[in-house]
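Please examine the following model with attention to how its helices are arranged and packed.

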Amino acid sequence: MLIIVVYNYLCVAENVAMIARYWQNESRNRISKMDKNKKMNIFKMTRCAIFIAILAIVSQLMIPLPFSPVPMTLQTLGVLLCCIMLSPGEALVSTGIFILLGAVGLPIFSGFRGGPQALLGPTGGFLIGFIPMSGLGSFLLRRAPQVLSRKATASFWRVAALGIASLPMYIMGAAWFTYYMGCDFQKGLTLAVLPYLPLDVIKLVLAALVFAPVLQRIRIPVWINTVEEK
């Protein structure tokens with residue numbers, strides 16, 4: 001009888017130990033997953049902050065044109081790099097916060113401008129257009145290989161994706177410029193879009209054919225797996 005009781009206690013103790021080990025492993029897995037998610041969130045915030053700073057810097061590299069109130073800047077190159085290096089959500093957040101910071105008064109737009117008047121000026125449509133441009137470009141860069149045939153080269157779909165993503169920026173910029181200047185849409189395109197296309201094409205090709213292959217091979221932890229994110 002004593003042997004049976006002892007045996008039953010040993011069985012119960014073994015079962016309790018198994019349950020304890022199970023919950024211990026489960027807790028470790030949850031903690032590990034939480035740590036991984038926390039690290040990824042920190043990396044995402046870091047990437048967004050870096051590109052907000054990059055946009056603010058390249059915005060000051062500008063060349064005023066005598067025939068148009070829209071200066072020639074490297075802002076679009078900064079947005080194209082957002083498309084390449086950030087996921088769609090991160091690209092939208094980065095450009096959105098950049099516009100928001102400028103709208104509340106920080107002098108981060110071209111010519112160290114800031115405040116609502118910068119968005120309500122002749123270049124306001126282009127600034128707002130950076131938001132859909134960045135999200136769409138990032139999305140297309142990650143979807144294009146699945147849409148195009150296998151014979152299409154990586155260079156072709158990069159150029160095509162970034163070119164398509166630039167259209168909302170041009171349309172919004174030209175539309176607002178036309179409204180602001182009180183001219184017809186054709187004149188708005190002539191003054192605010194067409195003079196900048198040659199340089200924009202050069203920036204697009206550089207981003208797609210030079211920067212993209214190089215930047216996507218960077219193995220700094222903060223950038224790893226960014227390209228695969230949806």
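The questions and answers below concern the overall make-up and one helix contact.

Me: What kind of model is this, and how are residues numbered?
Reply: The model is predicted; local features need pLDDT of at least 70, side-chain atom pairs count only at pLDDT 80 or more, and totals for chains, interfaces and linings use all residues. Side-chain values use heavy atoms, with hydrogens and water left out, and residues are numbered from 1 along each chain as its sequence is written.

Me: In what order do the elements of the protein chain run from the N terminus on?
Reply: Helices (H or I, at least four residues) and strands (E, at least two) are DSSP runs, numbered from the N terminus. The protein chain has 8 helices and 2 strands. Their order is α-β-β-α-α-α-α-α-α-α.

Me: How are α6 and α7 oriented to each other?
Reply: Helix α6 (residues 154–181) and helix α7 (residues 185–192) pack at about 115°, with axes 8 Å apart. Axes are lines fitted to C-alpha atoms, for helices over the stretch in contact, and angles run from 0 to 180 degrees between N-to-C directions. Angles of 65 to 115 degrees count as roughly perpendicular. The two helices α6 and α7 are therefore roughly perpendicular.

Me: Which residues of α7 make the contact with α6?
Reply: Contact means heavy atoms within 4.5 Å. From α6, the contact is made by Ala174, Ala175, Phe177 and Thr178. From α7, the residues are Phe185, Gly188, Leu189, Leu191 and Ala192.

Me: What percentage of the 230 residues in the protein chain is buried?
Reply: Buried means under 20% relative accessible area (1.4 Å probe, protein chains only). Of the 230 residues in the protein chain, the buried ones make up 39%.

Notes:
Parallel < 35°, antiparallel > 145°, perpendicular 65-115°, else oblique. Buried < 20%, exposed > 50% of the residue type's maximum accessible area, 1.4 Å probe, protein only.
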